[in-house]
Amino acid sequence: MGIWIAAGIVLVLLAVLFGAAGFFFRFAILRAKKERTDEEYEEGNSIWNPFRERMREAQSWIHQHTAEHVGMVSFDGLKLSALYLPAETAQPKGTMIVMHGYRSLATIDFALEAEFLYSLGYRLLIPYQRAHGESEGKYITYGVRERFDCRDWARYAQERFGTRQNIFLMGISMGASTVLMASGLELPDTVRGIVADCGFTSPWNIMAHVAKRDFKLPAFPLLYALDLLARIMAGFGLREADTRRALQKNTRPVLFLHGREDDFVPLRMTEENSRACKAEQELYLVRGAGHAQSFARDTAGCEEKIKTFVRRWEK
């Protein structure tokens, strides 16, 4: 009888565990049924709400300068989309490829930076990450598969615009992790450098942080069950890609940005990325900036850092 009672308790505990893992799978990985719109910044709890007037003008500028909604097919068969903003000059210096963050949009996360990047003499390619916006996909993989999409957008830019150009990869939040993970792949020779704003180190680490911060739950055993579900349902593991491993292989210069008051992606993750990076790098921290707010809070400082970085490494 005791064995059956013990077995029953174990089954109940497993049911609770995988029930919780199922909730987190839907919460964190499954594509949202109702996605964000350009007007997300109007919501009071949005990180962009303090900058809503600037956001409104910036998004209007992006739409006015978007010439095409371009597309490509991912390595695993998804139709991906991006906004293409041609450069104003007849002889552009190259292409900026900017990757937005988790459950966001191309027209939100880089809205405030787009016109500045454009002013540097570059055309802009602003992808919708898989499982976001205009791009297909059912699952968000936190850079595991998105890194290959980033690589392929760089290949698209080189094939379309030629080898006599500069390509810079930029990302914010999950987009930063995406470009950093892509740095460990075979990228086109025209990719000159990477700008990464508040990227996390791995899917496992950011989920462990959020589970503890928001739900007061430990990584064990929840993340082990979630990892199993992710492998079975979505085909990727939470430890399958890591920015630090990629950066140990990376040979391109990196500019790291991070807000000192970021409590969603801890500053320590960018510091770990910086320590792991074997290539030339710079770390710029912004006081008073929460998650993804560095450019908005210190526009002049970030513009100077980005401009100096781009001018130094472009050819």
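Contact, as the word is used in this tour, means heavy atoms within 4.5 Å. The structure on display is a predicted model.

**Stop 1: helix 4 and helix 12**

Select residues 111-119, which form helix 4, together with residues 299-313, which form helix 12. Under the contact criterion, Glu113, Phe116 and Leu117 of helix 4 meet Glu303, Ile306 and Lys307 of helix 12. Sorted by class, the residues of this contact are 3 nonpolar, no polar and 3 charged. Two packed helices are described by the angle between their axes and by the distance between those axes. For helix 4 and helix 12 the angle is about 40°, and the axes are 11 Å apart. Helix 4 is therefore oblique to helix 12. Viewed as a crossing, the arrangement of helix 4 and helix 12 is right-handed.

**Stop 2: helix 5 and helix 6**

Move next to helix 5 (146-161) and to helix 6, residues 174-182. Their axes come within 8 Å and cross at roughly 70°, so helix 5 is roughly perpendicular to helix 6. To display the contact, show the side chains of Glu146, Arg147 and Cys150 in helix 5, and of Met174, Thr178, Val179, Met181 and Ala182 in helix 6. The contact of helix 5 with helix 6 comprises 5 nonpolar, 1 polar and 2 charged residues.

Before leaving this region, select Tyr142, which is found in the loop between strand 4 (122-127) and helix 5. What is the sign of phi at Tyr142? Phi of Tyr142 is near 60°, a positive value in a residue other than glycine. Most residues other than glycine have a negative phi.

**Stop 3: helix 7 and helix 8**

Select residues 203-215 for helix 7 and 219-234 for helix 8. Helix 7 and helix 8 pack at about 130°, and 11 Å separates their axes. Helix 7 is thus oblique to helix 8, and the crossing of helix 7 with helix 8 is right-handed. On the helix 7 side, the contact is made by Trp204, Met207, Ala208 and Ala211. Helix 8 contributes Ala219, Leu222, Leu223, Tyr224, Leu226 and Asp227. By class, the contact of helix 7 with helix 8 holds 9 nonpolar residues, no polar residues and 1 charged residue.

Now centre the view on Pro221, which lies in helix 8. Is the peptide bond from Phe220 to Pro221 cis or trans? The bond from Phe220 to Pro221 is cis, with omega near 5°. Most peptide bonds are trans.

**Stop 4: the largest pocket**

Finish at the largest pocket, which holds about 910 Å³ of space. To find its centre, select Arg36, Tyr102, Arg103, Phe264 and His291, which lie nearest to that point among the 35 lining residues. The lining as a whole divides into 17 nonpolar, 8 polar and 10 charged residues.

Which helices each supply at least two residues of the lining? Helix 1 (2-28), helix 7 and helix 8 do so. Colour these three helices to relate the pocket to the previous stop. Helix 7 supplies the largest share of the lining, 6 residues. The pair of helices at Stop 3, helix 7 and helix 8, is therefore both oblique in its packing and represented in the lining of the largest pocket.

Conventions: Residues are numbered from 1 along each chain as its sequence is written. This is a predicted model: local features need pLDDT of at least 70, side-chain atom pairs count only at pLDDT 80 or more; totals for chains, interfaces and linings use all residues. Side-chain values use heavy atoms; hydrogens and water are left out. On a 1 Å grid over the protein atoms alone, a cavity is a set of points where a 1.4 Å probe fits but cannot get out, and a pocket is an open set with protein on both sides within 12 Å along at least five of seven lines; lining residues have an atom within 4 Å of a point. Grid points are joined across faces, edges and corners, and a volume is the space filled by probe spheres set on the points. Helices (H or I, at least four residues) and strands (E, at least two) are DSSP runs, numbered from the N terminus. Ala, Val, Leu, Ile, Met, Phe, Trp, Tyr, Cys and Pro count as nonpolar, Asp, Glu, Lys and Arg as charged, and the others, Gly among them, as polar. Axes are lines fitted to C-alpha atoms, for helices over the stretch in contact, and angles run from 0 to 180 degrees between N-to-C directions. Angles under 35 degrees count as roughly parallel, over 145 as roughly antiparallel, 65 to 115 as roughly perpendicular and the rest as oblique. A crossing is left-handed if the near helix is turned anticlockwise from the far one by less than a right angle, and right-handed if clockwise.
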